[in-house]
Amino acid sequence: MVASSRPFGAASPWNTPTANGTKWFDTVRLHTLETPVNGDSTLHWWVNTESVGVYYANTTDPVWTFDLPALDAPLWHRVRAAQTFSVRAPADMIDGGDSDHVLVLVSGNTYYEVWNANVDQSTRRVTTRSAGATWATGDITNSPGAGSANNDGTRASNFSWAAGLITGDDLQRGKIDHALVVALTTPILKAGATPDYVAPATAWDNGGSYGPIKMGSRIGIPATTPRPAGLSAVGNMVFDALQKYGAFVGDFCGGPWPMFYADKHTVTATQVEPLFTFWDHNGSSDMEKIIPLLRIADYQP
């Protein structure tokens, strides 16, 4: 697999178009923030270009050691025996650097990801920063990347962090040929102490969210919806992806606005800024035109 190419199998939720005849439902939370948060203002969906970058190993890369803890959280579908193994990886590999400390590596046909990773370049060793850190591994070319019996990844939904990213390959091709991933905020995402999610998610966020939209929901644009005028090149790509595949709710994010994610190694903030920076685009961003068209697939939130 080459860097930033389309990951996971053909039957993966990420690579499966929204079914014909899908029923769509609306909620004001998709379009407007509630008063206590930001005065009933329009939502601005951001693109996170800082949290996650996928590393791709070459056969000449040095060998690293991963020393990962046991996971025993069956309610959350996170059950794994402790493992220590060696794998080739780039010498400059490091975690994402923000509070999640996400590491995603593809070596051969296998992906490895660790949430709350501790990456020591001097010893070429990957461990975890806390007992509660999670990790996952799977087949990057054939596995679903979401929705298996156990965790396919380390997002709150158990989605892989490699899934749903806007990549440099997407931008070069001029087409996002897969579903996107989106993180929702407190007034939008439904969460709590009991399971509350829909497939392909297999877990949920146990935070203070109180919105109507469940983890794993597909947010998209109905097939008959006309394209809004004035979209940028990347805006047209996102519109097409949302209309064909949608975006799966995979995580919680802080702040007032939801966000998509891009591969930090191959996409810059400047490349995706037309999607969200309304102040640099005559007071109107692509997502301001797209947000009113968004709906929830298959259930009434």
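Good morning. I begin with an open sheet of four strands, ordered β7-β4-β11-β10, with mixed pairing; strands here are DSSP runs (E, at least two residues) numbered from the N terminus, and two of them pair if DSSP finds at least two bridges between them. At the edges lie β7 (83-88) and β10 (117-120), each of which pairs on one side only. From one strand to the next, the twist averages 20°, with axes fitted as lines to C-alpha atoms and angles running from 0 to 180 degrees between N-to-C directions. β10 and β11 (residues 125-128) run antiparallel and are joined by four bridges. In one of these strands, β11, V126 is the bridge partner of V119.

This is a predicted model, in which local features need pLDDT of at least 70, side-chain atom pairs count only at pLDDT 80 or more, and totals for chains, interfaces and linings use all residues. Residues are numbered from 1 along each chain as its sequence is written, and side-chain values use heavy atoms, with hydrogens and water left out.

I turn to the largest pocket (on a 1 Å grid over the protein atoms alone, an open set of points with protein on both sides within 12 Å along at least five of seven lines; lining residues have an atom within 4 Å of a point). Its lining comprises 23 residues, and D100, W115, A156, D205 and D251 lie nearest the centre. The elements giving two or more residues to this lining are β15 (247-252) and β16 (259-261). By class, the lining has nine nonpolar, eight polar and six charged residues, where Ala, Val, Leu, Ile, Met, Phe, Trp, Tyr, Cys and Pro count as nonpolar, Asp, Glu, Lys and Arg as charged, and the others, Gly among them, as polar.

Notes. On a 1 Å grid over the protein atoms alone, a cavity is a set of points where a 1.4 Å probe fits but cannot get out, and a pocket is an open set with protein on both sides within 12 Å along at least five of seven lines; lining residues have an atom within 4 Å of a point.
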